[in-house]
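Reader: I am new to protein models. Could you walk me through this one, term by term?

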Amino acid sequence: MERLILRLAAALPLLAIGASEMQGNGYVGSKVCAGCHPTLYRSFRKTEMGRSMRVAADLNPAQVPIDATIMAPSGKRIFRVYHDRSGWHQSESEPETFTDEHDLAYVVGSGQNGLSSVVKRGSYLFQAPLSFYTKPHKWDLSPGYKGADLGFSRPITEQCMLCHSGGPRPVAHTEGEYLDPPFREVAIGCERCHGPGKIHAQHPMRPGSIINPAKLPPRLAENICMNCHQRGDARILQPGKTYQDFRPGQWLIDTVVIFRAPPPPGDEKQSDLLEQLSSMKASRCFRASGGKLSCLTCHDPHFQPSESEAPAYFRTKCFTCHNDHSCGVPLSARMKTAPADNCIGCHMPKRNVAVISHSALTNHRIPARPGEQIAPASTTRFGGLEILNAPSGRQFSISDLTLLRAYDALSSSDPVYKKDYLALLERLSKTNTKDSFVAACLGHKALVEGRPQEALKDLALASPLKETTVSEDMAKALNQLGRSTDALSYLRTAAGRDPYNATLLKTLILQYINMHRYSEARQQMGSYIQKFPEDDFMRGLLARVSR
């Protein structure tokens, strides 16, 4: 009877979801899955994935400090987080200058390492300056905020939310703008690994109505994990694809290619930050298993042992291949450790994450001895770059357009790839003249080389995926051709489409100044400061103009 009641209750969301929306993507939400799988659902919700995100109102004030004040690295500003009857809030202030306060909308993270906060400004999502760190049990500056005061202006991108939420609903061709509500589900849910559940909910016995990763070949199943646990140096969408196109049971490379710049000789890139797949495949355990070792060998997505249970739990996983006599350390010595005979304590130790304070990740390279250097796993190469998600046992293709985007992304941090980028762009300029991304690149190149008329022609076809760069280049080209009024009109339209893009707004202000329209420039400065009060330069400029 209890199961029947649960199934009836779970069916209610199906009635609430509009038919057109269901037809569009087939997602029904984890609560529908819970109707037939209540035990698995309850167990999964206790895991880190099941607690990947929550609305801020669900953050228990008894579990974290309800008031904390942190001084900015500059020593001039104060960040504060606090909780009251209306919810959680964060603010940034400078005495007698400004106070910028926002309500917290979401909290990202399971709490294993910490919790980050998200604020909502209109239809846009931004990171908050303070995060809670579990080990020291304190609030501190969010990752990336120790080197720069970003205030509440750091957009939460689709790629970020893709791995932390149950399914983002971004507005196409924007950075940080989302539909309402912004997520299909707040936390990661069943359909992240099993695929859309609509058909299975309606026809549970129909073969192939749902994906069971445990029944997939190991390398194919790992593509589900790889989507979030393999970062690389550049993740580039295949032409015509969006991040929402990937489905469990598919090869990830058909949607997105994960590139890595080959490390210099002697540099083994020991970072484990979102590099768990390549780390595991570099391990001796993986190589010795003949490829049988996989994520699901050790991890059950529906269950996560507690910290005290983990040593014994994962020891049984090690004993899938090993036994008591496999370890070279005498049993008597192993039993003296705390906890006793802990395989993962020696062979999968935690190590600090340099870019995230107070955080640690498990070493998936599985060294035989502490400190052992493990050679990187062999990878497929294309265009001088490593392909970390190259499929096993099947052909795949990477277009020149995808490779161009990879070179473009990497050239900003490594000038070595600038030459490859320019050479490929030259070739594509003769064969892919109608591609919008190629047009954007050609327009920028023409502008840099002093050919504004040609730049204007190319930029008119440019892709909105590089909207900020395209808008700036378009305005420059128009100005160089003496069409300042057209440049102003273009920038105003672009800023209207992207109202929290600081770069665009600054370009618009500069355009007003160059056209000697000082009153409008001053007005735009005031509007800018309301959105970005942490910008010292603009505030000082506005003060001088006002005087």
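Author: Gladly! The accessible surface of the protein chain is about 28200 Å², and 55% of that belongs to carbon and sulfur atoms; such areas come from the Shrake-Rupley method with a 1.4 Å probe, and for residues only the protein chains shown count as cover. This is a predicted model, where local features need pLDDT of at least 70, side-chain atom pairs count only at pLDDT 80 or more, and totals for chains, interfaces and linings use all residues. Residues are numbered from 1 along each chain as its sequence is written, and side-chain values use heavy atoms, leaving out hydrogens and water.

Reader: How do you know that the radius of gyration of the protein chain agrees with a compact globule?

Author: The radius is taken over C-alpha atoms, and the globule rule is 2.2 Å times the number of residues to the power 0.38. For 547 residues this gives a value near 24 Å; the protein chain has 26 Å, so the two agree.

Reader: What makes α19 a helix?

Author: Helices are DSSP runs of H or I with at least four residues, numbered from the N terminus. Helix α19 has 14 residues, 467-480, and should span 20 Å at 1.5 Å a residue; its end C-alpha atoms are 20 Å apart, so the length agrees. The expected span is 1.5 Å times one less than the number of residues.

Reader: Why is Val470 in α19 called buried?

Author: Buried means under 20% relative accessible area (1.4 Å probe, protein chains only), with exposed over 50% and partly exposed in between. Val470 is buried in α19, as are Met474 and Leu478, among others.

How values were computed
Helix = DSSP H or I, 4+ residues; strand = E, 2+ residues; numbered from the N terminus.
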